[in-house]
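Q: Please take a close look at how the helices are packed in this model. Which residues are turned inward, and what covers them?

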Amino acid sequence: MIVDSHCHFHLLERPDSADAALAEAQAAGVEYFCNVAVAIEERERLLAFSERHPNVFTSIGVHPCGQGSDPSAQALAAMADHPQVIAIGETGLDYGNGQGDYGWQQDRFRRHVDAARLAGLPIIVHSRLAPADTVAILRETNAQDVGGVIHCFVEDAKTANALLALGFYLSLSGILTFRNAEALRETVTELPLERLLVETDCPYLAPVPHRGQENRPGWVSEVIECIARLKGLSPEDVAEQTANNFFHCFARAQARR
Ligand SMILES: [Zn+2]
Ligand SMILES: [Zn+2]
């Protein structure tokens, strides 16, 4: 079984692309998906897609760079009260846009951890160029109580170990296949397979050999094959273990399986 733990069907370029990409991914053997919110305004659309396709789960949250409304923890938790919603996020920190003062992102991140606690759901964490602050906020908020995943993991072994010690899963994307990702591949060789998830982050980050194209969930197999090569395992074993990990991480998905 293959699971794409993090994708954005609703952000594909053409409005009719989501159904086509889903059909194509299912034909390629991808059975379950988490379609991740980046803005609250997407909620109705995400839930409608998830209700039509019970194998597509949904999250609720505001991306660290997201515009639009920015609800309280209570409001976020209430919006996540739906059987297809399996997580709060994506939330976290993104220090990549050079604005300098990220206190507002940190507040938003903390609020999402509070929402996850209220909702009894894990969090999906986006962390870009902010490994130390991500770990610090997860520690300070006792986020190990809610658990979840660091999506698109690209950090070094030290950060990986800090996140694993907090009980978080690490999700690997197409970045792992990029030519310049040698350091990440070395780190992943040492990471425990029972704590890894795989994702596309579609429509972003198309893996080799599809770089430059709009990414699609069917291509998560490229990430799986790369992990298999690094660890000397079969792609089937990596697919099976990462799928099991997904359902361990997201209890509500397990209940709906
Ligand atoms: Zn992200
Ligand atoms: Zn994403």
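A: The answer takes one helix, then a second, then the core.

This is a predicted model, in which local features need pLDDT of at least 70 and side-chain atom pairs count only at pLDDT 80 or more, while totals for chains, interfaces and linings use all residues. Residues are numbered from 1 along each chain as its sequence is written, with chains lettered from A and ligands numbered from 1 in the order in which they are written.

Helix 2 covers residues 43-52, and its buried residues are Leu-46, Phe-49 and Ser-50 (helices, H or I, have at least four residues and strands, E, at least two; both are DSSP runs numbered from the N terminus). A residue is buried with 20 or more other C-beta atoms within 10 Å of its own, exposed with 12 or fewer, and partly exposed in between, C-beta atoms being placed from the backbone. Those three lie on the same side of helix 2, because they cover an arc of only 95° around the axis (taken from the directions from the helix axis to the C-beta atoms). Glu-44, Ala-48 and Arg-52 are exposed on the face turned away from that buried side. Helix 1 (17-27), strand 2 (30-35) and strand 3 (56-60) are among what covers the buried residues of helix 2.

Helix 9 (residues 235-249) has buried residues including Val-238, Ala-239, Phe-246 and Cys-249. Its buried residues pack against elements including strand 1 (2-7), strand 7 (169-172) and helix 8 (220-231).

Leu-172 is one of the residues that touch the most other members of the largest nonpolar core, which has 76 residues (buried Ala, Val, Leu, Ile, Met, Phe, Trp, Tyr and Cys joined through C-beta atoms within 7 Å). Beyond its neighbours within four places in sequence, Leu-172 is in contact with residues including Phe-153, Val-198 and Ile-227 (contact means C-beta atoms, placed from the backbone, within 7 Å).

Note on methods
Two residues are in contact if their C-beta atoms, placed from the backbone, lie within 7 Å.
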